[in-house]
Amino acid sequence: MRTSLQFVRQQFIWSMALIAALPVSAGAIPLPSEKPSSGILAVPVPAQKATPSAPNARSHKKQQVVLRDDQPAKLYFGAMKSAAPLAARAIGSYAKGCLAGGAALPTDGANWQVMRLSRNRNWGHPDLVQFLKDLANDAPSLGWRGLLVGDLAQPRGGPMLSGHASHQIGLDADIWLTEMPDRRLTAKEREEISAISMLKGPLDVKDADRRVDPRKWSDSRARLIRRAASDERVALIFVSPTIKKALCDFETGKDRSWLRTVRPWWGHHYHFHVRLACPRDSKGCKNQNPPPPGDGCGKELTYWLSDVPWVPKKPKDPNKEPKVVKKRPMALSALPKSCKTVLAAQ
Ligand SMILES: [Zn+2]
């Protein structure tokens with residue numbers, strides 16, 4: 001028992017190191033969580049003042065931007081409609097930072113289509129945009145028609161009004177595990193179509209079958225993730241442990257080094273999450289610790305696929321309401337100072 005506890009502790013050290021580096025605005029799952037943060041849209045927005053929109057481009061009057069340190073950063077960054085006209089730079093860390101000189105991934109390419117256009121989250125560091133174009137370009141040769149691209153970052157990065165804790169510095173992208181159809185989706189379809197889960201069923205029940213659903217999973221998906229993970233620009237890829245297992249079984253070749261880059265995480269059975277390493281010229285961009293050596297297909301994965309992480313423990317007193325801890329949203333002051341310059345740039 002002691003050994004297994006020790007193992008659990010050990011094997012979470014790496015994950016917790018990640019978490020510690022990435023303070024979060026909402027939810028218990030801090031890293032690439034897809035959980036929406038609650039009720040924030042109802043908050044009166046200082047972002048109105050913060051929006052440096054220029055109604056008259058010819059006007060030489062610059063709008064005064066009022067930035068208050070104590071305000072939630074997501075209100076400012078969530079209101080930004082365009083990139084900061086500065087040199088491209090990922091600033092800070094993946095879940096505490098912002099983006100200067102962001103570029104938009106065009107909503108359509110020969111081998112990709114951007115989903116959920118209303119979110120305006122198809123922005124990233126130019127390196128990320130280039131990476132996605134390269135991956136899309138290679139997709140057909142892997143037996144995958146093209147990419148359906150989910151969230152990248154907001155035009156100036158930063159915390160989002162809803163959803164992810166990370167995706168803040170323009171180096172993260174979600175790619176659906178649904179293949180691009182052989183036609184252009186309408187804007188409406190891009191809002192409404194749901195991605196498809198690769199799971200057989202829920203993971204949070206005792207003795208659940210935590211393998212991928214063979215009717216949904218395919219080798220083409222594995223090849224696509226392998227292509228992404230083998231790219232030297234990529235630092236990490238997050239997938240459901242269920243998918244990690246499928247990838248471990250898929251790779252029968254000698255070179256298993258790419259599997260080290262693919263890490264099991266909560267969620268991520270509808271899409272995989274690609275995270276690029278800091279571009280060399282992005283001063284103040286903080287890389288995270290590299291994953292432990294090895295392909296990650298051993299003990300760590302066995303743990304992830306056991307009941308322990310998933311099945312809730314019975315509450316001691318069933319009549320007692322569980323405590324809900326609400327985390328405060330990240331204040332503007334928590335971000336690197338340069339992020340104020342990013343907000344104010346016009
Ligand atoms: Zn993500």
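Is D174 buried or exposed? At 3% relative accessibility, D174 counts as buried. Please keep in mind throughout that this is a predicted model. Here are my notes, starting from that residue.

1. **The zinc site.** D174 is one of the residues around the zinc ion, which is coordinated by H167 (NE2), D174 (OD), D174 (OD) and H273 (ND1), at 2.1 to 2.8 Å. D174 thus appears twice in that list of donors. Along the chain, the donors follow the spacing H-x6-D-x98-H. D174 sits in strand β8 (residues 172-176) and H273 in strand β11, so this pair ties together parts that are 99 residues apart in sequence. Like D174, H273 is buried, with a relative accessible area of 0%.

2. **The geometry at zinc.** You may want to look at the angles here. Those among the four donor atoms run from 52 to 154 degrees, and the site is irregular. To count as tetrahedral, four donors would need all angles between 85 and 135 degrees. For reference, the ideal angle for four tetrahedral donors is 109.5 degrees.

3. **The disulfides as a set.** How many disulfides does a search of the whole structure find? The search finds three. Counting bonded cysteines along the chain, their pattern is 1-6, 2-5, 3-4. As a reminder, a disulfide is a covalent bond between the sulfur atoms of two cysteines. The next three points take the links one by one.

4. **C98 and C339.** The sulfur atoms of C98 and C339 are 2.1 Å apart, and the two residues form a disulfide. This pair links distant parts of the chain: C98 belongs to strand β2 (residues 96-100) and C339 to helix α10 (residues 338-344), with their positions 241 residues apart in the numbering. The link is left-handed, with -95 degrees about the S-S bond. Both C98 and C339 are buried.

5. **C248 and C297.** A second disulfide joins C248 to C297, with an S to S distance of 2.0 Å. C248 lies in helix α7 (residues 241-250), while C297 is in the loop between β11 (271-276) and α9 (299-304), so the pair ties together parts that are 49 residues apart in sequence. The S-S torsion of C248 and C297 is about -85 degrees, so this disulfide is left-handed. What is the burial of each partner? C248 is buried, with a relative accessible area of 8%, whereas C297 counts as partly exposed at 22% relative accessibility. The boundary that matters here is 20%, since buried means a relative accessible area under that value.

6. **C278 and C285.** Another disulfide joins C278 to C285, S to S 2.0 Å. The torsion about the S-S bond of C278 and C285 is about -80 degrees, so this link is left-handed. Both C278 and C285 are buried.

7. **S141, away from the metal and the cysteines.** Where is S141 found? S141 is in the loop between α4 (126-138) and β7 (147-149). At 65% relative accessibility, S141 counts as exposed. A polar atom of the S141 side chain lies 2.6 Å from the backbone oxygen of D138. S141 can also be set beside R223: the two are 82 residues apart in sequence and 9.7 Å apart in space, C-alpha to C-alpha.

Terms used: Residues numbered from 1 in each chain as written. Predicted model: local features only at pLDDT ≥ 70, side-chain atom pairs only at ≥ 80, totals over all residues. Heavy atoms only, no water. Disulfide = S-S within 2.5 Å. Helix = DSSP H or I, 4+ residues; strand = E, 2+ residues; numbered from the N terminus. Buried < 20%, exposed > 50% of the residue type's maximum accessible area, 1.4 Å probe, protein only. Donors = N, O, S within 2.8 Å, 3.2 Å for Na, K, Ca; no water. Tetrahedral: all angles 85-135°; square planar, octahedral: opposite > 155°, others 65-115°. Polar contact = N/O pair within 3.5 Å; in protein donor to acceptor, adjacent residues only side chain to side chain.
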